[in-house]
Amino acid sequence: MKIYITEVGPRDGLQNIKEIISTEKKIEFINKLSESGVDEIEVSSFVSPKAIPQLSDAEEVFRNINRNKNVIYSALVPNEKGLERALSVNVDKISVFTSASETFNLKNINMTIEESLNKFKNIIKISKEHKKLTRAYISTAFYCPYEGKIEEKKVFQIALKLLEFGVDEISIGDTIGKASPDDVRNLLSVLLKEISIEKIVLHFHVTYGMAMANVYVAYKEFSIYKFDSSAGGLGGCPFAVGARGNIATEDLVYMLKRIGANVNVDILKIVSALDILGIESQSYISKVINLL
Ligand code: COA
Ligand code: ZN
């Protein structure tokens with residue numbers, strides 16, 4: 001199966017950055033990423049500007065990017081207001097987000113898990129009526145900064161609910177980057193009993209240095225082929241203390257190519273997209289780019 005990469009740098013990356021990045025720079029960044037071969041770009045979030053001021057220009061970014069017809073342009077939507085905003089600029093794919101931890105969900109979106117699921121049922125329904133693709137994130141699916149280890153069963157139950165609502169895929173988020181390869185194996189063993197592979201996306205952060213090993217296990221042992229990553233390894237959730245960046249797209253692509261996966265992303269284009277922002281890359285590959 002061809003690897004499916006969702007580049008989340010413009011959203012997960014920029015939501016956590018102190019520097020102010022101009023709207024023009026974001027647009028240029030996304031346009032460059034659009035030429036790299038990634039399948040999907042998570043462009044921004046239609047959330048409260050008080051929660052994430054860095055992404056308050058979501059409409060303007062969406063209106064001004066050049067859309068490559070081979071790329072799906074998605075965005076996070078937490079509620080009806082966010083959905084309305086997203087539909088007004090013709091977002092291709094609507095991504096809702098909940099968490100497997102009650103405490104984290106309250107801090108992140110001010111809803112219990114159950115409240116968020118009730119809201120998402122309707123958002124997914126309306127999105128589908130508008131012929132939009134849909135995704136649901138389950139954040140803190142392995143560990144929560146407040147509640148510690150999360151039980152596999154909890155993630156499984158939330159995932160089944162979301163699939164019942166008709167969501168196209170579930171992105172399983174290791175928001176604080178603490179999952180070990182064994183944790184990944186344990187969770188996938190439970191999820192894949194009832195859920196088919198094309199519905200599962202993995203979203204790893206590098207905090208404890210295990211993200212790449214986690215991808216390896218998911219790909220080699222379970223044939224998972226959908227991954228989230230960010231150019232330069234930018235990323236992190238402001239509501240999860242200590243969380244670091246996403247797995248870097250260029251590192252992910254490099255490893256997948258080395259282990260024989262079918263992946264068609266141009267590493268040099270990813271690295272040069274990040275240059276537009278003038279932010280230092282956290283990736284390994286950007287340090288040895290001259291040796292490739
Ligand atoms: N877009 C823009 N503004 C929004 C909004 C949206 N989707 N949803 C709510 N707001 C505004 C409301 O208009 C209101 O504004 P006001 O204070 O000027 O009247 C304010 O935000 C509070 O609205 P309310 O509905 O009471 O929401 P809340 O305070 O319970 O916050 C969320 C809930 C979901 C809107 C907020 O927590 C949020 O945006 N979280 C996103 C977190 C995130 O993106 N995390 C990183 C991703 S993992
Ligand atoms: Zn993330």
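**Exercise 1.** Is Arg-185 buried, partly exposed or exposed, judged by its relative accessibility?

*Solution.* The structure is a predicted model, and the steps below apply to that model. Start with the cut-offs: buried means under 20% relative accessible area and exposed means over 50%, with partly exposed in between. Arg-185 has a relative accessibility of 27%, so this residue counts as partly exposed. Next, turn to the partner: Arg-185 forms a salt bridge with Glu-221, and the closest N and O atoms of the pair are 2.7 Å apart. Because Arg-185 lies in helix H8 (residues 181-191) and Glu-221 in helix H9 (residues 211-222), the pair ties together parts that are 36 residues apart in sequence. Glu-221, with a relative accessible area of 42%, is partly exposed.

**Exercise 2.** Find the salt-bridge partner of Glu-42, and state where in the chain the two residues lie.

*Solution.* The partner of Glu-42 is Arg-11, with 2.6 Å between the closest N and O atoms. Glu-42 belongs to strand E2 (residues 40-45) and Arg-11 to helix H1 (residues 9-13), so that distant parts of the chain, 31 residues apart, are linked by the pair. Both Arg-11 and Glu-42 are buried. For a further case, take Glu-151 and Lys-153, whose closest N and O atoms are 4.0 Å apart in their salt bridge; here Glu-151 is exposed at 51% relative accessible area, while Lys-153 is partly exposed at 49%. The count for the model comes to 18 salt bridges, and a network of them links Glu-40, Lys-93, Arg-135, Glu-169, Lys-226 and Asp-228.

**Exercise 3.** Identify the protein donors of the zinc ion (ligand 2) and describe their spacing.

*Solution.* The donors are Asp-12 through OD, His-203 through NE2 and His-205 through NE2, at 2.0 to 2.1 Å from the zinc ion. Along the chain they follow the spacing D-x190-H-x1-H. As for exposure, His-203 and His-205 are buried.

**Exercise 4.** Describe the surroundings of ligand 1, beginning with the residues that come nearest.

*Solution.* Of the 20 residues around ligand 1, Lys-50, Asn-79, Arg-85, Asn-108 and Asn-110 come nearest. Then consider contacts to nitrogen atoms of the ligand: a side-chain N or O atom of Asn-79 is 2.9 Å from one, a polar backbone atom of Gly-82 is 3.3 Å from one, and a side-chain N or O atom of Asn-108 is 2.8 Å from one. The protein covers 67% of the 940 Å² of accessible area that ligand 1 has on its own. Helix H4 (80-88) and helix H5 (102-109) are the elements that give two or more residues to the shell, and H4 supplies the largest share, three residues. Finally, the shell residues divide into ten nonpolar, six polar and four charged.

How values were computed: Residues are numbered from 1 along each chain as its sequence is written. Chains are lettered from A and ligands numbered from 1 in the order in which they are written. This is a predicted model: local features need pLDDT of at least 70, side-chain atom pairs count only at pLDDT 80 or more; totals for chains, interfaces and linings use all residues. Side-chain values use heavy atoms; hydrogens and water are left out. Donors are N, O and S atoms within 2.8 Å of the metal (3.2 Å for Na, K and Ca); water is not among the atoms, so sites may look incomplete. Buried means under 20% relative accessible area, exposed over 50%, partly exposed in between (1.4 Å probe, protein chains only). A salt bridge is a side-chain nitrogen of Lys or Arg within 4 Å of a carboxyl oxygen of Asp or Glu. Helices (H or I, at least four residues) and strands (E, at least two) are DSSP runs, numbered from the N terminus. A residue is near a molecule or strand if one of its heavy atoms lies within 4 Å of it. A polar contact is a pair of N or O atoms within 3.5 Å; within protein, one must be able to donate a hydrogen and the other to accept it, and residues adjacent in sequence count only if both atoms are side-chain atoms. Accessible areas come from the Shrake-Rupley method with a 1.4 Å probe; for residues, only the protein chains shown count as cover. Ala, Val, Leu, Ile, Met, Phe, Trp, Tyr, Cys and Pro count as nonpolar, Asp, Glu, Lys and Arg as charged, and the others, Gly among them, as polar.
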